[in-house]
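Here are a few short exercises for getting to know a new structure. Have a go at each one before you read its worked solution.

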Amino acid sequence: GGGGGGGGGASFPAAVGATVLPTFGGHEVFVGCSFLFDAVVSDPLGLYTPLIVPANGSSLPPGASLGPAPAGCGGVPLASCVRLLWAPQRGSEGSHHRVCLGAS
C-alpha cells in the first residue's frame, strides 16, 4: 500500500520569511517496510510556537504516527518539527492514503 502527499496549512499566504511545509509527494510504501518524513515549520519572528498537525480533514493511516523529530529541527531556528513514521500493516496491500500536514 502506499502514498501520501501534501504539505500546506491555512488558506492565507505565509508570513514573509516563514518556512513553509514542503510537499512530500507520492510514495509507495510496502508491508514490512517503513516510511519516515520530518516536517519542519518555523516562525522567524518568534511570536508563535507553530504546531504541525494532520490538516484538510486527513487522518493518519493505520500503523502511522506523528512523534518527535531529531533534535534541532535540521538547524532551522525558532522551529517546530515532527516525524511522520508509517509502517503499513498486513492486509493494507493495494490501499492508497493521502496525508496532509499543516501548521497552526
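**Exercise 1. Find out how many disulfides the structure has, and sort Cys-33 and Cys-100 by exposure.**

Keep in mind that this is a predicted model.

Step 1. Remember what you're looking for: a disulfide is a covalent bond between the sulfur atoms of two cysteines.

Step 2. Search the whole structure, and you come back with zero disulfides.

Step 3. Now take the cysteines. Cys-33 has a relative accessible area of 38%, so it's partly exposed. Cys-100 comes out at 11%, so it counts as buried, the cut-off for buried being under 20%.

**Exercise 2. Describe the make-up of the protein: which elements does it have, and in what pattern?**

Step 1. Count the elements: there are five strands and zero helices.

Step 2. Walk along the sequence and you read β-β-β-β-β.

Step 3. Look at how the chain comes together. Take contacts between residues at least 6 apart in sequence: 69% of them join residues at least 24 apart.

Step 4. Check the surface. About 6100 Å² is exposed, with 61% of that supplied by carbon and sulfur atoms. Of the protein's 104 residues, 32% count as buried.

**Exercise 3. Work out the strand order of the open sheet, and say which strands stand at its edges.**

Step 1. Recall how sheets are held: strands pair through backbone hydrogen bonds, either parallel or antiparallel.

Step 2. Line up the three strands of this open sheet. The order is β1-β4-β3, with antiparallel pairing.

Step 3. Pick out the edges. β1 (35-42) and β3 (64-68) each have a single partner strand, so one side of each has no neighbour in the sheet.

Step 4. Add the twist, which averages 25° from one strand to the next.

Step 5. Count the bridges. β1 and β4 are joined by eight, while β3 and β4 are joined by five.

Step 6. Zoom in on Leu-84 in β4. Phe-37 stands opposite this residue, and Leu-84 is also the bridge partner of Leu-66.

Step 7. Don't take an edge strand to be bare: six of the eight residues of β1 are buried.

**Exercise 4. Is Ser-80 buried or exposed, and which residues does it touch?**

Step 1. Place it: Ser-80 belongs to strand β4, which covers residues 79-86.

Step 2. Check the accessibility. Ser-80 has 14%, so it counts as buried.

Step 3. List its contacts, leaving out residues up to four places away in sequence. They include Ala-39, Val-40 and Val-41, as well as Thr-49, Pro-50, Ile-52 and Cys-73.

Step 4. Look at the side chain. One of its polar atoms lies 2.6 Å from the backbone oxygen of Pro-50.

**Exercise 5. Trace what surrounds Arg-83, and find which side chain makes a polar contact with its side chain.**

Step 1. Start with the setting: Arg-83 is in strand β4. Its relative accessible area is 26%, so it's partly exposed.

Step 2. Compare sequence with space. Arg-83 and Phe-37 are 46 residues apart along the chain, yet their C-alpha atoms are 5.6 Å apart.

Step 3. Go through the contacts, again skipping residues up to four places away. Among them are Leu-36, Phe-37 and Asp-38, and also Ser-65, Leu-66 and Gly-67.

Step 4. Find the polar partner: the side chain of Asp-38 makes a polar contact with that of Arg-83, at 2.7 Å.

Note on methods
Residues are numbered from 1 along each chain as its sequence is written. This is a predicted model: local features need pLDDT of at least 70, side-chain atom pairs count only at pLDDT 80 or more; totals for chains, interfaces and linings use all residues. Side-chain values use heavy atoms; hydrogens and water are left out. A disulfide is a pair of cysteine sulfur atoms within 2.5 Å. Buried means under 20% relative accessible area, exposed over 50%, partly exposed in between (1.4 Å probe, protein chains only). Helices (H or I, at least four residues) and strands (E, at least two) are DSSP runs, numbered from the N terminus. A polar contact is a pair of N or O atoms within 3.5 Å; within protein, one must be able to donate a hydrogen and the other to accept it, and residues adjacent in sequence count only if both atoms are side-chain atoms. Contact means heavy atoms within 4.5 Å. Two strands pair if DSSP finds at least two bridges between them. Axes are lines fitted to C-alpha atoms, for helices over the stretch in contact, and angles run from 0 to 180 degrees between N-to-C directions. Accessible areas come from the Shrake-Rupley method with a 1.4 Å probe; for residues, only the protein chains shown count as cover.
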